[in-house]
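Grab a coffee and open the viewer. Below are some short exercises, each followed by a worked solution.

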Amino acid sequence: MSTPKPDPRIAVDSAGLQRRIEELALISESPAPVVTRVLFSEADVRAREYVRRAAREAGLSVREDPIGNIFARWEGSEPALPAVGSGSHTDAIPNAGRYDGVVGVLGAFEALAALKRAGFRPRRSLEVVMFTSEEPTRFGLGCLGSRLMAGTISAARAQALRDRDGRTLDELRAAAGYSGPLESVRLPAGHYHSFIELHIEQGPVLEEKGIPIGIVEHIAGPSSYRMTLHGEGGHAGAVLMPARHDALLAGAEVALAVERAAKASGSPDTVGTVGIFRIEPGASNSVPFSAYLEIDLRDARLDTRAKALAEIRSSAALACARRGVRMDFEEINADPPAAGDPKTVETVEKVCSELGLRSLRMVSRAYHDSLFMARVSPTTMIFIPCRNGWSHRPEEFAAPGHIASGAEVLAHTMARLAGQTHGL
Ligand code: GLV
Ligand code: MN
Ligand code: MN
């Protein structure tokens with residue numbers, strides 16, 4: 001049997017896509033090459049302007065919802081049919097690089113622009129989403145936009161979110177120009193026929209194996225917790241060691257317990273991180289009276305994640321009891337893993353083989369808005385290699401050729417899923 005030939009008219013403008021990635025990277029709270037774009041910061045607001053402009057330049061019509069998700073749409077000949085979606089995020093954690101999320105937004109614009117140039121006439125509408133706050137930096141909770149779209153967080157809970165400075169979501173979204181009921185962010189049932197997110201792998205597998213495309217079959221389940229430890233402060237010279245109730249030292253024991261529990265969970269996929277650890281009063285000659293920690297715990301399996309969490313909680317309770325420190329513990333989120341849709345995975349796989357690109361089915365260890373889109377639509381992700389698997393750091397790098405291949409696979413996949421009126 002001969003392999004079907006992909007339409008040669010679908011050609012990605014790699015140089016144009018690179019230029020846009022570079023332009024967006026310059027919109028940052030930190031000097032280049034560092035990218036920082038925290039939700040509703042000035043840089044995030046300017047990046048949103050850039051995204052709207054880029055969408056219009058790709059010939060797409062733009063709308064936004066009350067949480068600031070940006071939708072760029074190409075209406076199909078049968079607009080009442082569920083649409084084929086793609087997209088990712090442009091917010092960036094402090095000290096990040098330029099590709100995480102951005103490749104999936106600007107790459108999807110370029111994929112649709114390539115289809116337009118090729119004369120494609122979609123039957124289903126094609127829609128690209130720039131999701132609000134995939135990163136948890138401001139509110140401690142990631143994927144805010146897609147959680148609301150999928151209805152996995154209530155409007156009331158979202159409304160109650162506060163950042164470190166006590167500012168509310170409503171206050172911040174209003175300042176960024178967004179208003180309206182958060183309930184309306186939820187997607188109507190069957191809005192998407194399928195959803196495909198393009199993203200850098202953020203791990204080393206594709207690069208190590210020399211494979212240009214990964215196709216996501218599973219996304220590991222993230223969870224996160226906040227812990228405040230209340231000890232007793234005092235003079236670093238005057239409070240003798242037996243009398244201490246040092247909140248930092250209790251927190252240090254918790255951080256080590258996280259590492260130990262993740263390693264001993266029984267699953268190689270369990271990962272635990274304490275990425276936030278703040279102490280008060282933060283003076284060199286004062287015993288820390290309080291410590292605040294955020295714990296990120298993930299796994300492809302829920303049983304081993306639960307086992308690790310139980311171990312962390314009991315070690316923390318023991319350390320606090322021994323040190324005379326009180327502990328407040330709160331779950332921020334505990335999400336199940338998501339499965340990619342087998343048919344959509346197969347479609348991407350076929351497209352790759354027709355384009356002569358090797359592909360590999362894989363697990364995403366990072367979370368993505370696709371974790372929530374998978375609850376409301378058949379979903380998968382297209383991964384491309386990134387240098388040394390680096391991500392969430394300024395050295396993050398994906399080769400232009402790999403980015404263009406990812407956008408090309410996305411374009412062909414979306415075209416196939418949308419169907420065509422005539423042409424092609
Ligand atoms: C997403 O940025 C994640 O932390 O996995
Ligand atoms: Mn990220
Ligand atoms: Mn991302």
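## Warm-up: a loop residue with an odd phi

Glutamine 202 sits in the loop between β7 and α7 (205-209). Keep in mind that we're working with a predicted model.

**Exercise 1.** Work out what sign phi of glutamine 202 has, and whether glutamine 202 is buried or exposed.

*Solution.* Start with the backbone: phi of glutamine 202 is near 65 degrees, a positive value in a residue other than glycine. Next, check the accessibility. Glutamine 202 comes out at 18%, and the cut-off for buried is under 20%, so glutamine 202 counts as buried.

**Exercise 2.** Do the same for asparagine 388: find its loop, its phi and its accessibility class.

*Solution.* First, the place: asparagine 388 is in the loop between β17 (379-384) and α12 (400-418). Then phi, which is positive at about 55 degrees although asparagine 388 is not a glycine. Last, the relative accessible area is 42%, which makes asparagine 388 partly exposed.

## Cis peptides

**Exercise 3.** Which residue does a cis peptide bond join to proline 33, and which one to proline 281?

*Solution.* Take proline 33 to begin with. Its cis partner is alanine 32, with omega about 5 degrees, and proline 33 lies in the loop between α1 (14-25) and β1 (35-37). Now move on to proline 281. Here the cis bond is with glutamate 280, again with omega about 5 degrees, and proline 281 belongs to the loop between β11 (271-280) and β12 (286-287).

## Salt bridges

**Exercise 4.** What parts of the chain does the pair glutamate 217 and arginine 361 tie together?

*Solution.* Step one is the contact: the two side chains of glutamate 217 and arginine 361 form a salt bridge, 2.8 Å from N to O. Step two is the location. Glutamate 217 is in strand β8 (residues 213-219) and arginine 361 in strand β16 (residues 359-364), so the pair links parts that are 144 residues apart in sequence. Step three is exposure: glutamate 217 is partly exposed at 27%, and arginine 361 is partly exposed at 33%.

**Exercise 5.** Which residues make up the salt-bridge network that includes Arg167, and how many salt bridges are there by this rule?

*Solution.* Begin with another pair for practice: arginine 393 and glutamate 395 meet in a salt bridge at 3.1 Å, N to O. Arginine 393 is partly exposed at 30%, and so is glutamate 395 at 39%. The network is made of Arg138, Asp163, Asp165 and Arg167, joined by salt bridges that share partners. One of its links is the bridge between arginine 167 and aspartate 165, at 3.1 Å from N to O. Of those two, arginine 167 is partly exposed at 32%, while aspartate 165 is exposed at 59%. The count comes to 27 salt bridges.

## Around the ligand

**Exercise 6.** Which residues are around ligand 1, and how do they divide by type?

*Solution.* List the shell first: Glu134, Glu135, Arg298, Ala366, Tyr367 and His392. Sorting them gives two nonpolar, one polar and three charged. Now look at polar side-chain atoms facing oxygen atoms of ligand 1. For arginine 298, the distance is 2.6 Å. For glutamate 135, it is 3.0 Å, and for histidine 392, 3.3 Å. To finish, check the cover: taken alone ligand 1 exposes 190 Å², and the protein buries 94% of that.

## Helix α3 and some buried residues

**Exercise 7.** Why can α3 be called largely enclosed by the rest of the structure?

*Solution.* Get the dimensions first. Helix α3 (residues 102-117) has 16 residues and spans 22 Å between its first and last C-alpha, close to the 22 Å expected. Then count burial: 14 of the 16 residues of α3 are buried, so the helix is largely enclosed. After α3 comes glycine 119, with a positive phi near 85 degrees.

**Exercise 8.** Where is histidine 199, and which backbone nitrogen does its side chain reach?

*Solution.* Histidine 199 is part of strand β7 (residues 192-200). With a relative accessible area of 1%, histidine 199 is buried. Its side chain reaches the backbone nitrogen of glycine 101 at 3.4 Å.

Conventions: Residues numbered from 1 in each chain as written. Chains lettered and ligands numbered in written order. Predicted model: local features only at pLDDT ≥ 70, side-chain atom pairs only at ≥ 80, totals over all residues. Heavy atoms only, no water. Salt bridge = Lys/Arg side-chain N within 4 Å of Asp/Glu carboxyl O. Buried < 20%, exposed > 50% of the residue type's maximum accessible area, 1.4 Å probe, protein only. Helix = DSSP H or I, 4+ residues; strand = E, 2+ residues; numbered from the N terminus. Near = heavy atom within 4 Å. Polar contact = N/O pair within 3.5 Å; in protein donor to acceptor, adjacent residues only side chain to side chain. Areas by Shrake-Rupley, 256 points an atom, 1.4 Å probe, with all protein chains shown as cover. Nonpolar A, V, L, I, M, F, W, Y, C, P; charged D, E, K, R; others polar. Expected span 1.5 Å × (residues − 1).
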